[in-house]
Amino acid sequence: MRRIKQVSILSTTAFATAMLAGCGVANATGSSASGKPVTIVVASWAGTNVTNGIIEQQLAAFNKAHPSIHAVYRPISGNYQTILKTEFVAGDAPDIITVNNGGQAPLFEAQGAVIPLNPYINQSHYSLSGFFSGAINMFKAGNTVYGLPRDQSPLVLYYNPAMFKKAGISGPPTTWAQLQTDAQKLTNAHKQIYGIAQTPQEPRWAQFIYQAGGSVMNASMTKMTLNTPAALQGFSYFVHLYRSGVAVQPSQVGATWGGQALGMGHAAMTFEGAWAIPYLQDTYPQTPFAIATLPSGPVNNKSLDFPTAWAITKDSAHPRQAWQVIQYLSGAGEARWVEQGGLVTVRKSLVNMPYYQRHPIYKNILAQLPHAVPWNFPNGFSQYVSSTLSNVSLLAVEGKVSPKAALQQLQSQGVSILKSGSAQ
Amino acid sequence: MTAFERHYATPKRKGGWRQWRRRDAATAYVFTLPTVLLLAAFSLGPALYAFFLSGVSWNLLNSMHWVGIANYVALFRLPLFWTAVKNSVIFAAVVMPVQTAIAMGFAVLMNQHLPARPVYRLAFFFPSISSSAVTSLMFIWIFNKLGLLNGFLGTIGIAGPNWIGNPHFALSAIMILNIWSTSGYFMVVFLAGLQAIPQSMYEAAAIDGASGFKRFLNITVPLLRPSTFFIVVMGLIGTLQMFDQSFIISGGTGGPLNSTLTIALLIYQQIFSYGQVGLGAAATVFLFVLVLGSTILVNRWLGKPIEY
């Protein structure tokens with residue numbers, strides 16, 4: 001237990017912070033009658049300095065306009081969901097949290113850790129129609145709304161234009177066939193340079209299944225659909241990129257993810273979201289990069305989209321004030337978010353903001369947005385998402401199992417989770 | 001109470017003695033109370049709570065209900081659990097003997113009158129006072145495919161593997177890290193043990209004509225047994241419970257392909273990532289039994305007092 005304890009010290013620190021935050025709330029409750037502002041704690045995963053700075057600026061602007069509410073930002077570093085769960089157990093989670101995909105949002109919703117926003121939406125006649133439907137739908141269960149979208153990003157093709165020029169390729173690939181031949185031309189295994197560097201995790205191969213006309217699950221997430229010929233076609237194409245030696249795992253060139261491999265100059269292409277832009281600009285300013293929409297498969301060039309949202313927790317003592325905060329963050333704050341750069345807006349009207357015109361690097365990310373599937377799994381799939389999917393695809397990429405056997409395995413395991421009625 | 005006290009002191013001031021004893025005991029309890037309370041609240045209590053949790057179904061966010069031994073049945077049927085047990089046992093079986101041998105070897109070397117001895121002692125001890133999170137991050141870079149270790153191997157003509165990315169090498173990489181970071185601490189324990197061995201033993205053996213190696217084998221090794229016992233037990237417990245290095249190097253996944261998944265990491269994942277608190281607690285109880293059993297075995301083997 002000694003070693004576990006060492007780690008628990010980290011979470012104790014988080015607890016302590018939470019308790020302090022909790023005290024703040026308690027004090028505010030006591031004194032709100034006497035005119036002191038109510039404290040609302042807003043938590044999110046610790047992002048880059050850019051995102052942290054933006055949230056703080058948004059809240060500062062909010063506090064100025066709302067003297068009766070004092071909103072404070074608390075970034076959570078480390079394992080975000082784990083720390084939140086322990087805070088929910090202790091009953092003192094922050095008032096507002098950020099939720100995202102991967103089965104955690106559905107878990108928090110199903111267990112009542114985040115509260116339905118419908119009464120507040122109705123009361124303040126808040127319109128949801130301004131959001132991209134994919135982004136808002138991900139945080140809805142039936143007609144119940146659990147979160148207001150914060151940001152999103154579809155996966156796009158990042159590439160190194162200097163490498164393309166050197167290899168005599170005029171532009172980014174637009175079809176699967178071109179992707180394969182371009183990657184071939186760009187690969188120089190001797191110099192540890194590869195056409196594509198990408199972890200074989202599921203949100204990097206699932207888009208190929210969609211591009212072949214298949215899907216991972218049906219739209220209502222009640223059925224696994226990895227056993228279709230289209231799914232096999234997409235997955236086989238992805239595996240073949242690795243088997244033919246034009247794609248590698250980032251760790252093989254000393255990187256931890258595709259964006260890093262591109263920045264280090266070991267990859268000519270990778271598939272990432274908008275989060276890689278500030279990273280590449282700050283960390284590898286010498287490496288040129290450009291962004292293109294995904295190459296088309298036999299059916300389309302669908303991408304995967306990763307929306308996040310603000311939600312109010314069951315532990316909030318002031319849900320009404322918290323609602324005012326997220327109403328601001330997803331309205332006026334949202335515009336500010338775009339002005340500061342960083343991530344992609346979830347409001348349709350903000351796509352034409354001057355910021356995007358001044359920063360053409362976002363052009364193709366916005367162009368990809370209409371062709372993107374919000375990426376999510378139902379409650380009960382945490383382990384399947386975080387380990388099963390990537391383990392099985394790693395085996396396929398390394399040639400230890402055939403693409404067909406890999407998909408069969410994923411299909412049957414997914415089916416059995418659905419059958420057990422999301423036991424979690 | 002000795003016979004003398006019973007015979008003389010007790011009849012004369014029976015009540016007084018008893019009272020004094022009682023007061024003495026009360027004082028002792030008062031002085032130990034803070035520690036007992038702290039241990040009960042933060043060590044024994046949670047440990048007992050883990051036994052209770054191993055019998056419930058709970059995902060941290062819902063209400064728990066009692067399921068009896070169902071968690072143990074599910075755990076023993078979980079292939080992932082046996083992978084974790086295998087990894088932990090292999091890890092302990094390799095790391096514990098190697099770190100003990102290295103620690104003993106270095107301790108004997110450091111006990112000689114070598115030049116710049118304090119510098120070496122510091123160098124060997126330094127890893128054990130560094131945070132294991134920091135050393136793990138450091139080794140991520142050393143073990144990088146294009147990192148320090150492979151660069152070194154490259155100069156002597158060996159194409160190094162992808163240490164952390166390859167399931168065949170990932171656990172070995174963590175073994176190397178763990179041996180590096182713990183040997184220094186155990187070396188100091190051995191050094192203390194060495195200082196306690198009477199110099200006259202070596203002199204007598206030298207007069208009898210025993211070679212240096214024979215003296216090491218027949219005097220140093222047996223007389224170090226109390227230190228060895230301590231080190232083997234601590235090493236065994238530490239390696240069977242290894243969590244932090246796997247967690248940091250694999251980014252919490254136990255990957256690639258579960259090759260660095262230890263029992264402690266599985267417990268963490270089941271409870272905090274997958275919301276299977278009962279299953280994780282059952283694995284905790286299993287780990288407790290495993291550590292207890294192996295400690296009892298070691299105690300039988302090395303726990304005897306030294307016989308001259």
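This is a short walk through a predicted model, one selection at a time.

**Stop 1: chain A as a whole**

Start by colouring chain A by secondary structure. You should find 18 helices and 14 strands in chain A. Chain A has 424 residues, and 56% of them count as buried. Now think about contacts between residues at least 6 apart in sequence: in chain A, 74% of these join residues at least 24 apart.

**Stop 2: a pair of strands, β1 and β2**

Select residues 38–45 of chain A, which make up strand β1. Seven of its eight residues are buried, so β1 is largely enclosed by the rest of the structure. Add residues 69–76, strand β2 of chain A; the two strands run parallel and are joined by eight bridges. For one spot to zoom in on, pick A:W45, which stands opposite A:I76 in β2(A).

**Stop 3: helix α3**

Next, select residues 80–90 of chain A, helix α3. How many of its eleven residues are buried? Nine are, so to speak, under cover: α3(A) is mostly covered. The buried ones include A:Y80, A:I83, A:L84 and A:F88, and A:K85 and A:E87 are also among them. Just after α3(A), look for A:G91, whose phi is positive, near 80°.

**Stop 4: a five-stranded sheet**

Now for an open sheet in chain A. Its five strands come in the order β9-β8-β10-β7-β11, with mixed pairing. At the edges stand β9 (247–248) and β11 (290–292) of chain A; each has a single partner strand, so one side of each is left without a neighbour in the sheet.

Select β8, residues 194–197 of chain A, together with β9(A): they run parallel and two bridges join them. A:I196 is a good residue to click on here, with A:A247 as its bridge partner in β9(A).

Then bring in helix α8, residues 176–186 of chain A. It lies across β8 and β10 (267–272) of chain A, and runs at about 140° to β10(A).

**Stop 5: salt bridges**

Over all chains, the structure holds five salt bridges. Which residue forms a salt bridge with A:R204? Show side chains and you will find A:E272, with the closest N and O atoms 3.0 Å apart. This pair links distant parts of the chain: A:R204 sits in helix α9 (residues 202–211) and A:E272 in strand β10 of chain A, 68 residues apart. A:R204 counts as buried because its relative accessibility is 7%, and A:E272, at 3%, counts as buried too.

Move on to A:K314 and A:D315, whose side chains meet in a salt bridge at 2.7 Å, N to O. Here A:K314 is partly exposed, with a relative accessible area of 39%, whereas A:D315 counts as buried at 19%.

One more to select is A:K400 with A:E398, where the closest N and O atoms of the salt bridge are 2.8 Å apart. A:K400 is partly exposed at 48% relative accessibility, and A:E398 is partly exposed with a relative accessible area of 26%.

**Stop 6: A:A135**

Centre the view on A:A135, found in helix α6 (residues 133–137) of chain A. Is A:A135 buried or exposed? Its relative accessibility is 0%, so it counts as buried. Leaving out residues up to four places away in sequence, A:A135 touches A:P149, A:Q152, A:P307 and A:V346. If you like, try your distance tool on A:A135 and A:Q57: they are 78 residues apart in sequence, and their C-alpha atoms are 24 Å apart in space.

**Stop 7: where chains A and B meet**

Bring chain B into view. At this interface, 34 residues of chain A are in contact with 34 residues of chain B. The two chains bury about 2,900 Å² between them, 56% of it on carbon and sulfur atoms. Across the interface there are zero salt bridges, but six residue pairs are in polar contact. On the chain A side, the elements that give two or more residues are α1 (2–31), α3 (80–90), α4 (104–110) and α17. The largest share, seven residues, comes from α17(A).

**Stop 8: inside helix α17**

Finish by selecting residues 382–397 of chain A, helix α17, and pick out A:T388 within it. A:T388 counts as buried because its relative accessibility is 13%. Setting aside neighbours within four places in sequence, A:T388 is in contact with A:Q383, A:L410 and A:Q413.

Definitions and conventions. Residues are numbered from 1 along each chain as its sequence is written. Chains are lettered from A and ligands numbered from 1 in the order in which they are written. This is a predicted model: local features need pLDDT of at least 70, side-chain atom pairs count only at pLDDT 80 or more; totals for chains, interfaces and linings use all residues. Side-chain values use heavy atoms; hydrogens and water are left out. Helices (H or I, at least four residues) and strands (E, at least two) are DSSP runs, numbered from the N terminus. Buried means under 20% relative accessible area, exposed over 50%, partly exposed in between (1.4 Å probe, protein chains only). Contact means heavy atoms within 4.5 Å. Two strands pair if DSSP finds at least two bridges between them. Axes are lines fitted to C-alpha atoms, for helices over the stretch in contact, and angles run from 0 to 180 degrees between N-to-C directions. Buried area is the accessible area (1.4 Å probe) that two parts lose on being put together, summed over both. A salt bridge is a side-chain nitrogen of Lys or Arg within 4 Å of a carboxyl oxygen of Asp or Glu. A polar contact is a pair of N or O atoms within 3.5 Å; within protein, one must be able to donate a hydrogen and the other to accept it, and residues adjacent in sequence count only if both atoms are side-chain atoms.
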